Every structure is written in structure tokens, then in C-alpha cells.
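Subject: Structure for you to look at, with notes

Dear colleague,

I am handing over the structure we spoke of, and I would be glad if you could open it beside these notes. The sequence and the coordinates come first, and my reading of them comes after.

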Amino acid sequence: MTRTGDSATSERSTLGLYPEELVETITISGGRTLTLRPIRAEDDEKLVAFHYRLSADSIYCRYFSFHAELSSDEVYHLTRVDYGTRLALVLEDGDDLVGVARYERYPSTSTAEVAFLVRDDYQHLGLGHHLFASLAAAAWARGVTTFTAETLCRNHDMMSVFHHSGFPLTSSISAGQISVRMSIDPRDAATSTDTSHATIRDEPWS
């Protein structure tokens, strides 16, 4: 997907240099290898195909609504990042994107909102953990010290990744959603046990 009226020159001027150092190869069960890399502007069509192959439940957990299709503006925003204040990492199996993790830094802070999603047929292979760990390391190197996230209470897979990351976190529950805040200081992860706790606000989920 392309946006008319955007020149390659102006696009390059608004994006940071592509961080080749974040590219890595990981091996999953069966010996198959996947590539983990930063997203590129030319991943438009791959991102659309990735979204199309998600289940309705995965989409709802990510967007909190039945968001069947990404708009052109959404795709443009999600694939054009500056690799500093906004960064997205993708997992690629051949030509297919099978996972995406991203953070967006709040202006004038060292805090960023984080989100990630793995395609349904690649879930429960540890890919979410790997995506999150790589994203946290990249964020820390770029001056981000804290991640926040909003997720549905029933999104147990996402919470499992947070709890097993090693980072100390706090969470609160309100109206069926969990708000999470965690330090991504690698020194905290090295020494942390599970110090997470939940504070119930309003009504707990059933």
C-alpha cells in the first residue's frame, strides 16, 4: 500500500537510520528459523496480510474492538517509525510477518507504551517472550526506562509475557482492563523476583 504525494526523499528525511544491529535470527521448534528485524516502510502489504490472518479474538485483544481491516492511514503510521521514539520489531517467516512488537514514547518522558501480537498459528512457541525481550533491550538503549501497557483481563498470554520478563511490574484492574507499568532497567530484571501486584479499582472481571 502506498500513499500518493509522498516522495522517497521526504520520507527518508523523517525516519531515522535503519538499525541493522537489531536484526537477528531465532530458531523455533522443529529447527525452523525466523528473522527478527525492525519494521520497514515497504512492509505495508506484509502488515496488511498479517492482520488479515489474525483471528477475531486476537484482533479484539489487540485493538479492544472488532477491527477487521487496517485503514491506509493506520498502515502508514504503523510502518513509518523513526526507530527512536517509535520502534516496531517484526518476526518474519520467509516472506510472511508472523509477529509484531512496538513501543511509542510519550513526549518529553522516558516512558513508552508497548504492544505486541503474534499470529495465531505461531502462538505458544515463546515468540511473544522473544519479541518483548528484544524490544525492551532496544528501548533501553534508546533512553526508554519504563513501559506501560493496557490489555484486556482475559489476555492471559500478554500478561504471561510481562510476568515472565523478569522486570518488576505493577498492575491495576478497572472495568475489565489491566493497566501495567514496569521498569525495563536490565539490572532490575537480573535481580527481580515476581514483585507484581494488582490493585482492584471499580469492578473486577468475572
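What follows is a description of aromatic pairs, a nonpolar core, a pocket and a few single residues.

Please keep in mind throughout that this is a predicted model.

I began with the aromatic side chains, where a search of the whole structure returns seven aromatic pairs. One of them joins Phe-116 and Phe-132, whose ring centres are 5.9 Å apart and whose planes meet at 55°, so the pair is classed as tilted. This pair links distant parts of the chain, since Phe-116 belongs to strand β5 (residues 111-118) and Phe-132 to helix α5 (residues 127-141), with the two positions 16 residues apart in sequence. Phe-116 counts as buried because its relative accessibility is 10%, and Phe-132 is likewise buried, at 2%.

Phe-132 also pairs with Phe-167, this time edge-to-face, with 6.3 Å from centre to centre and 70° between the planes. Because Phe-132 lies in helix α5 while Phe-167 sits in the loop between α6 (156-163) and β7 (169-174), the pair ties together parts that are 35 residues apart in sequence. Phe-167, with a relative accessible area of 11%, is buried too. Both of these pairs fall within one aromatic cluster, which is formed by Tyr-103, Phe-116, Phe-132, Phe-147, Phe-162 and Phe-167.

In soluble globular proteins, nonpolar side chains tend to be buried together. Here the largest nonpolar core has 53 residues, and those with the most contacts inside it are Phe-132, Phe-147, Phe-162 and Met-182. Helix α5 gives the most to this core, with seven residues. If residues up to four places away in sequence are left out, Met-182 touches Phe-132, Thr-145, Thr-146, Phe-147, Phe-162, Ser-165, Phe-167, Pro-168 and Leu-169.

The pocket may be of interest for your own work. The largest pocket has a volume of about 750 Å³, and it is lined by 36 residues, of which Phe-116, Leu-117, Val-118, Asn-155 and Met-158 lie nearest its centre. By class, the lining is made up of 15 nonpolar, eleven polar and ten charged residues. Strand β5 supplies the largest share of the lining, six residues, while α3, α4, β4, β5, α5, β6 (146-152) and α6 each supply at least two.

Three loop residues remain. Most residues other than glycine have a negative phi, and against that background two positions deserve a look. Ser-108, in the loop between β4 (96-105) and β5, has a positive phi near 60°, and it is exposed, with a relative accessible area of 84%. His-124, in the loop between β5 and α5, has a positive phi of about 65° although it is not a glycine, and His-124 counts as exposed because its relative accessibility is 68%.

Leu-70, by contrast, lies in the loop between α3 (56-63) and α4 (72-79) and counts as buried, its relative accessibility being 8% where the limit is under 20%. From C-alpha to C-alpha, Leu-70 and Tyr-52 are 8.8 Å apart in space, and they are 18 residues apart in sequence.

With best regards

Definitions and conventions
Residues numbered from 1 in each chain as written. Predicted model: local features only at pLDDT ≥ 70, side-chain atom pairs only at ≥ 80, totals over all residues. Heavy atoms only, no water. Helix = DSSP H or I, 4+ residues; strand = E, 2+ residues; numbered from the N terminus. Buried < 20%, exposed > 50% of the residue type's maximum accessible area, 1.4 Å probe, protein only. Phe/Tyr/Trp six-rings, centres within 6.5 Å; stacked < 30°, edge-to-face > 60°. Core = buried A, V, L, I, M, F, W, Y, C linked by side-chain atoms within 4.5 Å. Contact = heavy atoms within 4.5 Å. 1 Å grid on protein atoms, 1.4 Å probe; cavity = no way out; pocket = protein on both sides within 12 Å on 5 of 7 lines; lining within 4 Å. Points joined across faces, edges and corners; volume = space filled by probe spheres on them. Nonpolar A, V, L, I, M, F, W, Y, C, P; charged D, E, K, R; others polar.
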